[in-house]
Structure formats: structure tokens, C-alpha cells
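Thanks for sending this one over. Have a look at the model first, then read my notes below.

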Amino acid sequence: VQLQASGGGLVQAGGSLRLSCAASGRTFSSYTMAWSRQGPGKEREFVASISRYGGITHSADSVKGRFTISRDNAKNTVYLQMNSLKPEDTAVYYCAASERITTMMHEYGYWGQGTQVTVSS
């Protein structure tokens, strides 16, 4: 599966952005999908994941209540709605796909190219 992330940009603290990740290739609904991020000088970290048909989601504690992951299997797209953004959310955001039901990022074998999100204070 090939993944293409988009929707990043520059936003003020407290603002919102919606990231999209379009998939092509094998059947999209075969994959658990996730978002990960890597901030400046930081290691890549898990943000959120969603099961194949969207029934189960997981989110990192740092984004719970602010970020929502969703997917539209008819459009082969996964989304990350980000509200109440904080400067510490500044990072390159990556979408990823796994053939396993997992929140462990090392088990995601397919990655998009990343989209930059910058939150100004």
C-alpha cells in the first residue's frame, strides 16, 4: 500500500488542522491505520490508531480529548482532526499502515512521506 499524507501547515496555538492520508494499492480496509509524529530533536512517537473498520481507536495521552482519528474506507483515506493545538504539537506527522492490530509503531510496515505541522505560540 502507498500512503500520501497532506493537510499540514502553520497554525496558531488553540487552532485546528485536519490531516488526510490517502492510500492506494491493496484493499485499504485490510489495514490498521495510525498517525505518528516526530518533533524537533525528539524520537518518533505514536499519536493515534484506528482499526480496519473504524470501530476501535487508540490515542496517546498527550492528544486525548484534542485529536480524533477517523477513516473512510470508501475513499481509502484516514484523517486526523487536531483541535486545541499547542506549540508542543509541532512535528512532522506521518501516517502508517499495518496488517496487524497494533499500536506499536515498529509493527507498521508502510509509511507515508510526512506532513509538517507547526503551531505558533
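1. A term to start with: a polar contact is a pair of N or O atoms within 3.5 Å; within protein, one must be able to donate a hydrogen and the other to accept it, and residues adjacent in sequence count only if both atoms are side-chain atoms. Arg71 gives us a case, since its side chain makes such a contact with the side chain of Asn73 at 2.8 Å. The Arg71 side chain also reaches the backbone oxygen of Ser51 at 2.8 Å.

2. Before going on, keep in mind that this is a predicted model, where local features need pLDDT of at least 70, side-chain atom pairs count only at pLDDT 80 or more, and totals for chains, interfaces and linings use all residues. Residues are numbered from 1 along each chain as its sequence is written, and side-chain values use heavy atoms, leaving out hydrogens and water.

3. Back to Arg71, which sits in strand E7 (residues 67-72); strands here are DSSP runs of E, at least two residues, numbered from the N terminus. Is Arg71 buried or exposed? Arg71 is buried, meaning under 20% relative accessible area (1.4 Å probe, protein chains only). Still, Arg71 has no salt bridge, that is, no side-chain nitrogen of Lys or Arg within 4 Å of a carboxyl oxygen of Asp or Glu. Asp72, the nearest side chain of opposite charge, is 8.3 Å away.

4. Now the disulfide (cysteine sulfur atoms within 2.5 Å): the whole structure has one, joining Cys21 to Cys95 with S to S 2.1 Å. The pair links distant parts of the chain, with Cys21 in strand E3 and Cys95 in strand E9 (residues 91-98), 74 residues apart. Both cysteines, Cys21 and Cys95, are buried.

Key: Helices (H or I, at least four residues) and strands (E, at least two) are DSSP runs, numbered from the N terminus. Buried means under 20% relative accessible area, exposed over 50%, partly exposed in between (1.4 Å probe, protein chains only). Lys and Arg count as positive and Asp and Glu as negative; His and the chain ends are not counted.
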